[in-house]
Amino acid sequence: MCLPKTMQLSVLIKIAALWQCSFGLSQASEGAHYIAAVYEHNIIFNPDPKVPRSRQAALDHMKENLDIYEEQVAAAAKQGAQIIVFPEDGLHGFNYTRESIVSYSETIPDPASMSWSPCLQPERFNGTEVLHRLSCMAHKHAVYLVANMPDRQECDSTDPHCPPDGRYQFNTDVVFSDDGTIVARYHKQNLYFESEFNTPRECEYVTFDTPFAGRFGLFTCFDILFHEPVITLLEKYQVKQMIFPTAWFNEAPLLSAHQFQKAFATGSGINLLAANLHHPPLRMTGSGIFTPSHSVYHFDMETDKGRLLVSNVSLPTDSETGSPPTSEVCMKSQDCGKPSASKPVADGAAPGTFHGSMSSDNYTFVPVQGAEGDLTVCDGSLCCRLLYNGSHVPEELYAFGVFNGLHTAARQFYLEVCALVRCPGDTFASCGGEVTAGDQTITTIDFHLEGNFSTRYIYPSILTSGMQLDSPDRVGWEKESYVMSKKHISGGLVTATLYGRHYEKD
């Protein structure tokens, strides 16, 4: 069981002409929008995170990052932002032990059981200096603020699950309203090599309501690849807008941060506010504000500067599901017709197939050669088909791949993937490797990509030269296949991917 935690806020009427809020559901008028900000933070790290520090030393370190946060909140507010999102681990960093993270943690009360503004009532709880500072940022600049920090909850022998050191420690997103009140607290469910933290005993479905955009859901970094809590937030709780603090290590060609953020927003038909850390030495960059039809994003592997993004975000109307119009996206229940060149996916693998590792998985590839072609490649029951034509540069090799199976690196989860990728080297043995932002790609390809997926959870992406994103002309279900088509691509093609997650097979 997962624990729903919907926070119902006090009535704040700011733009009542655009919406009405009843039981947490926004009733947006046609063309309504709000202004959102995300900040990709060039974090100031603790150089020795495994060495315990005093509380004062931890506060002095976090103050350096909090000062930057304050500057960005002020800058965002001047541009009219009503909500700002900061990254996972943005105040303290990572690679701590259970002992060394303690001085960085604070006890965050559950806003479902009490109402508290740390800025207006600082004396109510001791040891909450960071909560106080964040709350006052939200209050001073009248914005909703989302930050990530360690939460410490003490326990004792009366709790049979209490850790031996007498405390639960959680990777936690905390949300402050525009008057500084804590309105949501989410404990990360799917940890990624974070031995300093506990997994919550019950996964949490956390939402909060705003006067300008209705309801938002919360999840963190690695959560995006799993069913809980994300899919249930989308399907059971019908959340159409998600907030995503992350500390994401880019893994091209399939899982660069901004690439998958856009893919998830497109495939799920939602708005996604995503804030990543900025640290190019560890391949950490890629943040954005994504809707199914519009993207504002940042990706920078060259500099050590953070970046504030501010954008208008359209609200879904009552008649919309958050998806683009059916001329762009076709749902599985619809028959939107195929391009005239398309035929059903054929059985069997294409001749000349070979195998290569991509994202630690064993893909079956077929070479993509010549100015045009029609290729099919299969892995078990999943068959992927590619129709293409374009200005193929001979020095740039391409392959079309399929994977249908369990991904077992870091954590086990089941994938169904069709991917057209540029190979980074001059032989097909390099296919599946990373094409970096500095590798200029010239080849442009018009394509129609499709697969007979057995899952309905598919996340489409197009990545071009310089790690720029492009949008498909059409994407979605057509009869029994999921398709993605693109003509007149904006740059040299690096990858076009249909990334399917079969959660039931994990």
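**Exercise 1.** In this predicted model, find how far helix α4 reaches from its first C-alpha to its last, and set that beside the span expected at 1.5 Å a residue.

*Solution.* Start with the stretch itself: α4 covers residues 257–268, which makes 12 residues. Next, take the reach between the end C-alpha atoms, which comes to 16 Å. The expected span is 16 Å too, so the two are close.

**Exercise 2.** Work out why α4 counts as largely enclosed by the rest of the structure.

*Solution.* Buried here means under 20% relative accessible area. Go along the helix with that cut-off and you'll pick up, among them, H258, F260, K262, F264 and S268. In total, 11 of the 12 residues are buried, so α4 is largely enclosed. Then step just past the helix: G269 follows, with a positive phi near 70 degrees.

**Exercise 3.** Lay out the open sheet of 6 strands: what is the strand order, and which strands sit at the edges?

*Solution.* Read the order across: β8-β7-β6-β5-β4-β15, with mixed pairing. Now look for strands that pair on one side only; those are β8 (182–187) and β15 (307–314). From one strand to the next, the twist averages 30 degrees.

Zoom in on the β15 edge. Strand β4 (residues 33–40) runs antiparallel to β15, and 8 bridges join them. One pair to look up is A37, whose bridge partner in β15 is V310.

**Exercise 4.** Which strands does each of the helices α1 and α2 touch?

*Solution.* Take α1 (residues 55–78) to begin with: this helix packs on the sheet against β4, β5, β6 and β15, its direction making about 40 degrees with that of β15. Then α2 (residues 129–141) packs on the sheet too, touching β6, β7 and β8, at about 160 degrees to the direction of β6.

Definitions and conventions: Residues are numbered from 1 along each chain as its sequence is written. This is a predicted model: local features need pLDDT of at least 70, side-chain atom pairs count only at pLDDT 80 or more; totals for chains, interfaces and linings use all residues. Side-chain values use heavy atoms; hydrogens and water are left out. Helices (H or I, at least four residues) and strands (E, at least two) are DSSP runs, numbered from the N terminus. Buried means under 20% relative accessible area, exposed over 50%, partly exposed in between (1.4 Å probe, protein chains only). Two strands pair if DSSP finds at least two bridges between them. Axes are lines fitted to C-alpha atoms, for helices over the stretch in contact, and angles run from 0 to 180 degrees between N-to-C directions. Contact means heavy atoms within 4.5 Å.
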